Amino acid sequence: MSKMDAQRSEFLEDLTLHITKELTEAGIDPAKAKQQALVSADAFAKRWQGLHLYVPKNIKKASQDIRKKVTSEFTGNNHGQLAIRHNVHIRTIYKILKKQEKDNVSKSTN
């Protein structure tokens, strides 16, 4: 089995596990959930087979989450700590806080 075949197989196994987990958490019987997950992963593979598939990060959601966390955790002088904690550049922290300040000013003048 080539490395690419192994990755494809790993991807479909992971997809099946995640679908099973979500269905089970939604209250579906675990055996039925696993069977449906296998059917879904198989349908996904048949539909997209042969294509080079790129799965983008959910950047917008991640950015929103980081912005919320940074603005709530900011103490006035912990820019560097926030950058390290959230694995972003310190300039990103300054940009987030500057935008937050601008948004706050806009809200207070309206």
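Buried means under 20% relative accessible area, exposed means over 50%, and partly exposed lies in between, using a 1.4 Å probe and protein chains only. By that yardstick Ile96, at 10% relative accessibility, counts as buried.

Before going further, a word on the model. This is a predicted model, in which local features need pLDDT of at least 70 and side-chain atom pairs count only at pLDDT 80 or more, while totals for chains, interfaces and linings use all residues. Residues are numbered from 1 along each chain as its sequence is written, and side-chain values use heavy atoms, with hydrogens and water left out.

**Ile96 and the core around it**

Ile96 lies in helix H5; helices (H or I, at least four residues) and strands (E, at least two) are DSSP runs, numbered from the N terminus. Leaving aside neighbours within four places in sequence, Ile96 is in contact (heavy atoms within 4.5 Å) with Ile66, Arg67, Val70 and Thr71. Its C-alpha atom is separated by 9.2 Å from that of Lys68, and these two residues are 28 residues apart along the chain.

Which residues make up the largest nonpolar core? There are six in all: Val70, Leu82, Ala83, Ile93, Ile96 and Leu97. A nonpolar core here is a set of buried Ala, Val, Leu, Ile, Met, Phe, Trp, Tyr and Cys residues joined through side-chain atoms within 4.5 Å. Helix H4 (79-85) and helix H5 (90-109) are the elements that give two or more residues to this core, and H5 provides the largest share, three residues. Leu97, another core member, is in contact with Val70, Thr71, Phe74 and His79, again leaving aside its neighbours within four places in sequence.

**Two helices, each with a buried side**

The table sets H5 beside H2. The expected span is 1.5 Å times one less than the number of residues in the helix, and the arc is that of the directions from the helix axis to the C-beta atoms.

| Helix | Residues | First to last C-alpha | Expected span | Citation |
|---|---|---|---|---|
| H5 | 20 residues | 29 Å | 28 Å | |
| H2 | 19 residues | 26 Å | 27 Å | |

In H5, the buried residues are Ile93, Ile96 and Leu97. They cover an arc of only 90 degrees around the axis, which puts them on the same side of H5. That buried set packs against helix H3 (59-73) and H4. On the other side of H5 you will find Arg91, Lys95, Lys98, Lys102 and Thr109, which are exposed.

In H2, Ala33, Ala37 and Ala41 are buried. Seen down the axis, the buried residues of H2 fall within an arc of 70 degrees, so they line one face of the helix. The face turned away from that buried side carries the exposed residues Ala31, Lys32, Lys46 and Arg47.

**Thr16, facing H2**

Where does Thr16 lie? Thr16 is in helix H1, and it is buried, with a relative accessible area of 10%. Setting aside neighbours within four places in sequence, Thr16 is in contact with Ala37, Leu38 and Ala41. Thr16 and Ser40 are 24 residues apart in sequence, and 7.7 Å apart in space from C-alpha to C-alpha.

**The largest pocket**

Rolling a probe the size of a water molecule over the atoms shows where empty space is left. On a 1 Å grid over the protein atoms alone, a pocket is an open set of points where a 1.4 Å probe fits, with protein on both sides within 12 Å along at least five of seven lines; lining residues have an atom within 4 Å of a point. Grid points are joined across faces, edges and corners, and a volume is the space filled by probe spheres set on the points.

The largest pocket holds about 480 Å³ of space. Its lining has 14 residues, of which Arg8, Phe11, Trp48, Leu51 and Leu53 lie nearest its centre. Helix H1 (3-25) and helix H2 (30-48) each supply at least two residues of this lining, with the largest share, five residues, coming from H1.

**Backbone turns and a lysine**

Most residues other than glycine have a negative phi. Asn87 has a positive phi of about 55 degrees although it is not a glycine. Asn87 is found in the loop between H4 and H5 and, at 72% relative accessibility, counts as exposed. Gly50, which follows H2, also has a positive phi, near 85 degrees.

Lys69 has its place in helix H3 and is partly exposed, with a relative accessible area of 43%. The C-alpha atoms of Lys69 and Asp29 are separated by 37 Å, and the two residues are 40 residues apart along the chain.
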